[in-house]
Amino acid sequence: MSQKRPRVNLEPAIQSDFEALVAIRIEAMRESLERIGRFDPARARERFLAGFSPESTRHIVVAGKRVGFVVTKLQEPYLLLDHLYVRPEHQRLGIGAQVLQSVFSQAESLQKPVKVGALRESESNEFYTRHGFQLVEQGEFDNYYVRSPSSAPCPFTRPASQIRRQTPTHSILYGDPPAERGYYRQHLQSITAQTHAHESPQEDQTTTRSPCQEGQCQARAQKQQTQVHQQS
């Protein structure tokens, strides 16, 4: 018999919650950071303080107890999932999955894809891919993922291992080199506009499923990439 998921509530944080939030962050990250020899509580506190925004932070509350917190920030062109931590003793109970659903609802209302970073040695990588995130970039210590809302244009993303083997034009399309992200956004908007201009009225009226789920996104991306190469 499956275990019943605990009921999760999200409550706003305030400035004076900072120390309690830092303690949760350190506790939740300790095992993964110790595994790679990078556990440093003072550094973890300093980095969290640098980006702390109470208005973007919500406590994860279960049965009246604060068991974690989540931070989301609008960082164009994404809704950034900046932090999501659950105390170790409350993990693997479905709490994080319920919080993600709230984040996805927020992204849907904003018509923004969700971006998140995860420590490369952390189990959170599997957690995010299981919930529809796609790997788009790999740093020295972190992996970065994007998940598109069902009603938003499909992001043209690929695993980082594939991105690194692409030509400069492909790299711009997939938006990886930080110095070229401005060009990427402009180019992606142009491609999306061209794709929509060629859609038939019937497609606009009948589909209720995500184009990504139908395999149409990749076909459109490949077609547009071919056009880019022909024009270059």
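Let's start with a pair of strands: E1, residues 8–12, and E2 are joined by five bridges and run antiparallel. One of the pairings to look for is Leu 10, whose bridge partner in E2 is Ile 60. Before I go on, please keep in mind that this is a predicted model.

Now stay with E2, because it has a second neighbour: E2 also pairs with strand E3, residues 65–75, again in the antiparallel sense, over six bridges. Here you can find His 59 with its bridge partner in E3, Phe 69. E2 and E3 form a hairpin with two residues between them, and in that turn Ala 63 has a positive phi of about 55°.

So how many of the six residues of strand E2 are buried? Five of them are, so E2, residues 57–62, is largely enclosed by the rest of the structure.

Let me step back to the whole chain for a moment. The protein has 232 residues, and 42% of them count as buried. Its secondary structure comes to nine helices and seven strands. If you like contact statistics, take the contacts with a separation of 6 or more: 59% of them are between residues 24 or more positions apart. The accessible surface comes to about 13,600 Å², and carbon and sulfur atoms account for 48% of that.

Next, a helix. H3 covers residues 95–110, and we can do a quick check on its length. At 1.5 Å a residue, its 16 residues should span 22 Å, and the end C-alpha atoms are 23 Å apart, which agrees. The buried residues of H3 include Val 99, Leu 100, Val 103, Phe 104 and Ala 107. For anyone picturing the spacing: an α-helix has 3.6 residues a turn, so residues three or four places apart point the same way. Just after H3 comes Gln 111, with a positive phi near 60°.

Two of those H3 residues lead me to my last stop, Phe 133. Where is Phe 133 found? It sits in the loop between helix H4, 124–130, and strand E6, 134–138. Is Phe 133 buried or exposed? Its relative accessible area is 4%, and the cut-off for buried is under 20%, so Phe 133 is buried.

And what does Phe 133 touch, leaving aside residues up to four places away in sequence? From H3 there are Leu 100 and Phe 104, and the list goes on with Val 114, Val 116, Tyr 128, Tyr 145, Val 146 and Arg 147. Ser 148 is 15 residues from Phe 133 in sequence, with 7.9 Å between their C-alpha atoms.

Thanks, everyone, and I'm happy to rotate the model for you.

Conventions:
Residues are numbered from 1 along each chain as its sequence is written. This is a predicted model: local features need pLDDT of at least 70, side-chain atom pairs count only at pLDDT 80 or more; totals for chains, interfaces and linings use all residues. Side-chain values use heavy atoms; hydrogens and water are left out. Buried means under 20% relative accessible area, exposed over 50%, partly exposed in between (1.4 Å probe, protein chains only). Helices (H or I, at least four residues) and strands (E, at least two) are DSSP runs, numbered from the N terminus. Two strands pair if DSSP finds at least two bridges between them. The expected span of a helix is 1.5 Å times one less than its number of residues. Contact means heavy atoms within 4.5 Å. Accessible areas come from the Shrake-Rupley method with a 1.4 Å probe; for residues, only the protein chains shown count as cover.
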